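Visitor: I have a model open in front of me and would like a close look at a single part of it. Could you walk me through that part and then show me how it sits in the rest?

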Amino acid sequence: MAKEAVFTMKLEPELREAFMAAAQAADRPASQIVREFMRDFVQQDHEYVEFLRKHVERARADIAAGRMHTQEEIEEEARQRAERLAKQAAERAA
């Protein structure tokens, strides 16, 4: 892949020095490591966007099929669960 773009960034001198020392210790060019970081970040972002897209599709399918709960139903279930947990905690304490 041709390297035709220049990427300039500002960072703390201490971080730059530590990074350059680590790259040298790994016997690798700093630019190669940064390119790998960038590729990994782009890949992770792509995977996360795909993950979200699939979840949204599933949620839309559930809604279309009537598989959903109202806010009131969710709140009631949470209230009942909290009551059960409080009762269990009280029984253990007794």
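Visitor: Let me pick Glu77: does Glu77 count as buried, partly exposed or exposed, and what is its relative accessibility?

Guide: Happy to take you there, with one reminder at the outset: this is a predicted model. Glu77 has a relative accessibility of 42%, so it counts as partly exposed; the exposed class begins over 50% and the buried class lies under 20%. Its home is helix α3, which covers residues 71–93. For a sense of distance, look back along the chain to Asp62, which is 15 residues away from Glu77 in sequence. The C-alpha atoms of Glu77 and Asp62 are separated by 19 Å.

Now let us step back to the whole chain. It has three helices and zero strands, so reading from the N terminus you meet α-α-α. The radius of gyration is 26 Å, whereas a compact globule of 94 residues would have a value near 12 Å. The C-alpha trace spans about 60 × 45 × 20 Å along its principal axes. Burial is scarce in these terms: 3% of the 94 residues count as buried. The chain exposes about 8900 Å², and 58% of that area is supplied by carbon and sulfur atoms. As for charge, the chain carries 16 positive and 19 negative charges. The mean positions of these two sets lie 3 Å apart.

From α3 we can move to the other two helices, and to a residue that makes a good contrast with Glu77. Asp27 sits in the loop between α1 and α2. Asp27 counts as exposed because its relative accessibility is 71%, and that is above the 50% cut-off. Its backbone deserves a look too: the phi of Asp27 is near 55°, a positive value in a residue other than glycine. Most residues other than glycine have a negative phi.

The helices on either side of that loop also meet at the largest pocket, which has a volume of about 730 Å³. Both α1 (13–25) and α2 (30–64) give two or more residues to its lining. The biggest share comes from α2, with seven residues. In total, 20 residues line this pocket. If you want to centre your view on it, Phe7, Ser31, Val34, Arg35 and Met38 are the lining residues nearest its centre.

How values were computed: Residues numbered from 1 in each chain as written. Predicted model: local features only at pLDDT ≥ 70, side-chain atom pairs only at ≥ 80, totals over all residues. Heavy atoms only, no water. Helix = DSSP H or I, 4+ residues; strand = E, 2+ residues; numbered from the N terminus. Rg over C-alpha atoms; globule rule 2.2 N^0.38 Å. Buried < 20%, exposed > 50% of the residue type's maximum accessible area, 1.4 Å probe, protein only. Areas by Shrake-Rupley, 256 points an atom, 1.4 Å probe, with all protein chains shown as cover. Lys, Arg positive; Asp, Glu negative; His and termini not counted. Charge placed at Lys NZ, Arg CZ, Asp CG, Glu CD. 1 Å grid on protein atoms, 1.4 Å probe; cavity = no way out; pocket = protein on both sides within 12 Å on 5 of 7 lines; lining within 4 Å. Points joined across faces, edges and corners; volume = space filled by probe spheres on them.
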